[in-house]
Amino acid sequence: MLKLAVAAAATATLVFASGSALADTAGASFQVKMTIVRSCSVTAGNASDISLGTTVQPTATNQTGNNTISVTCSKTTPYTVGLLPSSTNGGTTDGTGAMSSVANSATNTDKVPYALYSNAGNTIVWGNTIGTGANVVGGTGTGAAITHTVYAKNTNANFTPDSYADTVTVTVTY
């Protein structure tokens, strides 16, 4: 029993002594840092093409179609989306453009007019004018893709039978 008491006392002394020897400390600190900048990206392309269909009647008017584009911006980043039909075919910042022949542009100079809209009723023009008289669509980034539907309507189909197309440039300003 005496041996146990001596052993316990010796162990306690060693623990106390070693604890005292390690009680002093020195410290420093550091930061983990990161800068997050505003950013946006837009997804369009062939998957976003709008077809106004096929018509056999030259009197067909107001043919409509729609598709979507996606905008991804960092959280709380305000943005606007502008659409600009090709200036080569007479496109303007007011969302109006014209489609030209896909295969026969050398012999078919017809231009089929169309307009872009931000609503299904085709009453709110979607163009590329920022500021006073703006006709762009806006939003605020969430960090996830936000889908915007683009609507198109042609006003006249009395043109040479052919396939027609135009390129629309999508601009995200943030």
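The following exchange examines a disulfide, a sheet, a nonpolar core and two serines in a predicted model.

Residues are numbered from 1 along each chain as its sequence is written, and side-chain values use heavy atoms, with hydrogens and water left out. Because the model is predicted, local features need pLDDT of at least 70 and side-chain atom pairs count only at pLDDT 80 or more, while totals for chains, interfaces and linings use all residues.

Trainee: Which residues does the disulfide join, and how many residues apart in sequence are the parts tied together?

Mentor: The structure holds 1 disulfide, a term for a pair of cysteine sulfur atoms within 2.5 Å. Cys40 is joined to Cys73, with an S to S distance of 1.9 Å. Cys40 belongs to strand 1 and Cys73 to strand 2, so the parts tied together are 33 residues apart in sequence. Strands here are DSSP runs (E, at least two residues), numbered from the N terminus.

Trainee: What is the handedness of the disulfide?

Mentor: Handedness follows here from the torsion about the S-S bond of Cys40 and Cys73. That torsion is about 115°, so the disulfide is right-handed.

Trainee: Is Cys73 buried or exposed?

Mentor: Buried means under 20% relative accessible area and exposed over 50%, with partly exposed in between (1.4 Å probe, protein chains only). Its partner Cys40, at 19%, is buried. Cys73 has a relative accessible area of 2%, so Cys73 is buried.

Trainee: Which strands are the edge strands of the open sheet?

Mentor: Two strands pair if DSSP finds at least two bridges between them. The open sheet has 6 strands in the order 1-2-7-5-4-8, with antiparallel pairing. Each edge strand pairs on one side only, and these are strand 1 and strand 8.

Trainee: In strand 7, which residue stands opposite Tyr117?

Mentor: Strand 5 (residues 112-117) pairs with strand 7 (residues 145-154) in the antiparallel sense, over 4 bridges. Opposite Tyr117, in strand 7, stands Tyr151.

Trainee: Which residues have the most contacts inside the largest nonpolar core?

Mentor: A nonpolar core is a set of buried Ala, Val, Leu, Ile, Met, Phe, Trp, Tyr and Cys residues joined through side-chain atoms within 4.5 Å. The largest one has 18 residues. Strand 2, strand 3, strand 5 and strand 7 each give two or more residues to this core. Those with the most contacts inside it are Tyr79, Val81, Leu83 and Trp126.

Trainee: With which side chain does the side chain of Ser101 make a polar contact?

Mentor: Ser101 lies in strand 4 (residues 96-101) and is buried at 5% relative accessibility. A polar contact is a pair of N or O atoms within 3.5 Å; within protein, one must be able to donate a hydrogen and the other to accept it, and residues adjacent in sequence count only if both atoms are side-chain atoms. The Ser101 side chain reaches the backbone nitrogen of Asn104 at 2.8 Å. Its side-chain partner, at 2.6 Å, is Asp162.

Trainee: Which backbone oxygen does the side chain of Ser48 reach?

Mentor: Ser48 is placed in the loop between strand 1 (40-43) and strand 2 (64-73), and counts as buried at 15% relative accessibility. Leaving aside neighbours within four places in sequence, Ser48 is in contact (heavy atoms within 4.5 Å) with Thr43, Asn67, Thr68 and Ile69. At 2.7 Å, the side chain of Ser48 reaches the backbone oxygen of Thr68.
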